[in-house]
Amino acid sequence: MDFKADDFNFEEEYSKIKSSIKRPNILLCGATGVGKSSVINKVFGRNVAEVGSGQAVTRGITKYQDENLDINLYDSEGYEIGSIAQSDFHKNIIGFIDDQRIKSHNLSEQIHMAWYCISAGNKRITELDFEVIREIQKKNVKVAVLFTQIDSVDEEELNDISNTLQQGINNIESFNLSIYNEVPKEYLDWEKLMKWSVENLDESLREGFLNSTIIGLEEKKKHIRKVVIPRYAVSAAGIAISPVPLSDSALLMPLQTTMALHIFNIWGVNKNKQAIKTLLSATIISQLGKSVAKMLAGNIFKLLPGFGDVVGGAINTVVASSLTYTIGYAISEICYKYSESVLKGENIDILEFFTFSNIEEQLKHFSKANNRGV
Ligand SMILES: Nc1nc2c(ncn2[C@@H]2O[C@H](COP(=O)(O)OP(=O)(O)O)[C@@H](O)[C@H]2O)c(=O)[nH]1
Ligand SMILES: [Mg+2]
């Protein structure tokens, strides 16, 4: 009973994962030139909001939909400050939110979240901004203010504009942003914006969001550990109810391979299908399985019930789920490192991250972290 990665139906498993994902709808609001397109590109990847790649859905609203994204982005056209188009802006945004809700039978089309962009460089918040934000709140759409272009103001000016916002609107969250790397990290709230967004989306929409971002690495990691891996670990326990020998955990490997695919998808590694196929057929899973089995035998889980069975050659439910959990953990950590290097602009092939020594290192981390709690 051998598991062969070549027999694994990559396309089918991948489309199963994909089809279970719901797409969040996010609306970007704000005046022309405040940096909405730049925010989209920073969060979701460089090419999403290219001029001309969107589709006008209604007056003043452009939809960006990309086959690589599990999210729909709606970009409001904005307005020139002081122009007659200001009243249109209000109507367009609020009208659009209403229309989507009316049109949407199962709520899939409704706007789930709004990012309201205000340039810190303008050093003021217009009455129109206040009005529209309050109106969005009244519609029960989660809204946050994104203070963009903070590199063009000093700290005091930034504090002033933040205070003005807080005085004008109850319970509004704001994030300080700039697309320029010269701004010291501690002033930038990109990661906080990711955290807020994940927390304020319905659970069913979180994965779609996380699949689509190129930043938000901590959030991806958290979701994988808390939601994705446990699901597969539970299934593994179910499979292991009929005892299988540990030396040949082939029954578990298709499940673990699907889990690997699922984890890759959240890390955005799926954009390179060839690399994934290579990874999966380069027997990461069996390599991992062997390393973990060695680790188990090397008594890392000796305090877990069932260890005796491992030695006796039978895998039980606890071991099956620990094995699955550990494999998932190692894959996700390695993807995390890979994503960090991509964000730094390094151009290292993902295959170079999945080395035997990296895998072993992750397993050691995992066992240490695990033992601490025992
Ligand atoms: N100084 C500064 N300029 C920015 C920043 N983000 C965007 N810009 C610039 O602002 C202009 C308008 O940006 P864009 O994203 O097209 O704004 P949009 O009209 O709201 O979509 C462009 O020239 C950008 O290069 C930022 O963080 N700092
Ligand atoms: Mg734009």
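Visitor: At roughly what angle do the axes of helix α1 and helix α9 cross?

Guide: In this predicted model, the axes of α1 (residues 10–19) and α9 (residues 253–266) cross at roughly 55° and come within 10 Å.

Visitor: What makes α1 oblique to α9?

Guide: Angles under 35 degrees count as roughly parallel and 65 to 115 as roughly perpendicular. Roughly 55° fits neither range, so α1 is called oblique to α9. The crossing is right-handed, by the way.

Visitor: Which residues make the contact?

Guide: From α1 you have Phe10, Glu13, Tyr14, Ile17 and Lys18, and from α9 there are Thr258, Leu261, His262 and Asn265. By class, that's four nonpolar, three polar and two charged residues.

Visitor: Why are α7 and α8 called oblique to each other?

Guide: Helix α7 (residues 203–212) and helix α8 (residues 217–239) pack at about 130°, with axes 11 Å apart. Perpendicular stops at 115 and antiparallel needs over 145, so α7 and α8 count as oblique. Their crossing is left-handed.

Visitor: What meets what there?

Guide: Glu207, Leu210 and Asn211 of α7 meet Glu219, Lys220, His223, Val228 and Arg231 of α8. Sorted by class, that contact has two nonpolar, two polar and four charged residues.

Visitor: What makes the Gln149 pair with ligand 1 a polar contact?

Guide: A polar side-chain atom of Gln149 lies 3.1 Å from an oxygen atom of ligand 1, and the cut-off is 3.5 Å, so the pair counts. A polar side-chain atom of Ser178 is 3.4 Å from a ligand 1 oxygen, while for a polar backbone atom of Lys36 the distance is 2.8 Å.

Key: Residues are numbered from 1 along each chain as its sequence is written. Chains are lettered from A and ligands numbered from 1 in the order in which they are written. This is a predicted model: local features need pLDDT of at least 70, side-chain atom pairs count only at pLDDT 80 or more; totals for chains, interfaces and linings use all residues. Side-chain values use heavy atoms; hydrogens and water are left out. Axes are lines fitted to C-alpha atoms, for helices over the stretch in contact, and angles run from 0 to 180 degrees between N-to-C directions. Helices (H or I, at least four residues) and strands (E, at least two) are DSSP runs, numbered from the N terminus. A crossing is left-handed if the near helix is turned anticlockwise from the far one by less than a right angle, and right-handed if clockwise. Contact means heavy atoms within 4.5 Å. Ala, Val, Leu, Ile, Met, Phe, Trp, Tyr, Cys and Pro count as nonpolar, Asp, Glu, Lys and Arg as charged, and the others, Gly among them, as polar. A polar contact is a pair of N or O atoms within 3.5 Å; within protein, one must be able to donate a hydrogen and the other to accept it, and residues adjacent in sequence count only if both atoms are side-chain atoms.
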